[in-house]
Amino acid sequence: MKRLFLSIIFTVAAITCVWAQKLEVKSFKAELNDPAATQFAIKDYNGKNCALIIVGLAVDGIQFEGNIIKQERKENGEYWVYITDGSMDFQINSKDYLPEQVEFSSFGINSVESGRTYRMEVEHPNLEKSFDELLDIAKKYYKEYPSHVESSYYDAARIAYDNAINHSDCPHDLREKIREERDTMASIRRNTYLIEAADAKAKQFEKEKGFESDEVYKYLGGEVRFADRILQFHPEIKGIQTMKDSVLERLKQHPKGKKEDGTEVVVHQREKVSGTVKFKSKYMQIPFEKMRVFGTNSPKIQNGKSHIIGKVNPDGTYSVVKPSDIQPLYIYVTGEKDNAHYVAEGVTELDILVK
């Protein structure tokens, strides 16, 4: 009898422990370049367009509580939540987790606006999910990425891949391939984030100083450069090309976009650096197609902050655009551990020997 009683207590405790896990809202921001709220508009009771909050949360059976007009679950695991203009919060309810009250002001947004798209990323404890389930979530992001241009999508994809890689059942022979896809998502995420940041700055200065200000021209040019970084390796993301073409048209209208004789100023592309990767020892070779090129501001690889700026071709060659946000610029490739290679101003060719 005593054993039965203890068994019941432990069972209830285990169930309570699982149920008491919390969801965690990692980010919430306005998507300035995402027209989904107007393209797929839903009206509120007063005939006004709702705000659309796209919630990245790979959990079934979620219900949102608040000034909600409609919620819809998408195939890629997102929830599209239409909420009335001026709303300042909502609650996320699930049978498996504690209710999560989300105050928008905690993320710098006092209230949502009619016709604007927002994105929210929510993490949840995933120990109860199998490796196959987690990998399936990540693969869905990877399958659909060519139709997305927002940085938050790629951030969610990166997190999904991290969840799969970190699972105890992740097969060792799959880890390298999973990391490769994760790094691709992370690289695109960084450049889409820089596009969004440059776009926000351009709009800020246009509002403060007018469209003809030098700052607007500078940040519009930045959007083009960051777009080129993505298109160099991912021309399949058609939305980036569309965005770039739109920005180029704006640059043509800017006073600095024309010479005194009225002809257009050519928007110069950022300088590239190219070269060949070789190995000092034939016993230490890594397949070239699995190697990535990293940019950092430190001669010591472990000291600076690094991010992927390109990849090595199957024949061992590489060509990357010099990042404008890394000064001074050092580069290195997968497999190098100690010193990075300095890229001086004007240098466009640099061969790398992996020791």
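This passage describes the confidence of a predicted model and the arrangement of selected strands and a helix within it.

The protein chain has a mean pLDDT of 85, and 90% of its residues reach 70 or more. Residues 1-20, by contrast, have a pLDDT below 50. In the model, this stretch makes six contacts beyond near neighbours in sequence.

Three strands form an open sheet in the order β12-β9-β15, and their pairing is mixed. Strands β12 (317-321) and β15 (352-354) lie at the edges, each pairing on one side only. From one strand to the next, the twist averages 30°. Strand β9 (residues 272-279) runs parallel to β15, to which three bridges join it. Within this pairing, K278 has L353 of β15 as its bridge partner. Helix α6 (residues 214-233) lies across β9 and β12, and its direction is at about 155° to that of β12.

A hairpin is formed by β6 and β7, with six residues between the two strands. Strand β6 (residues 89-93) is antiparallel to β7, and four bridges join the pair. In this arrangement F90 stands opposite V102 of β7. The side chains of β7 (residues 100-103) alternate along the strand, in keeping with the general behaviour of regular strands, in which side chains alternate between the two faces of the sheet. On one face, E100 and V102 are buried, whereas Q101 and E103 point to the other face and are not buried. V102 is thus both a buried residue of β7 and the residue opposite F90.

Terms used: Residues are numbered from 1 along each chain as its sequence is written. This is a predicted model: local features need pLDDT of at least 70, side-chain atom pairs count only at pLDDT 80 or more; totals for chains, interfaces and linings use all residues. Side-chain values use heavy atoms; hydrogens and water are left out. pLDDT is the predictor's confidence in each residue, from 0 to 100. Contact means heavy atoms within 4.5 Å. Two strands pair if DSSP finds at least two bridges between them. Axes are lines fitted to C-alpha atoms, for helices over the stretch in contact, and angles run from 0 to 180 degrees between N-to-C directions. Buried means under 20% relative accessible area, exposed over 50%, partly exposed in between (1.4 Å probe, protein chains only).
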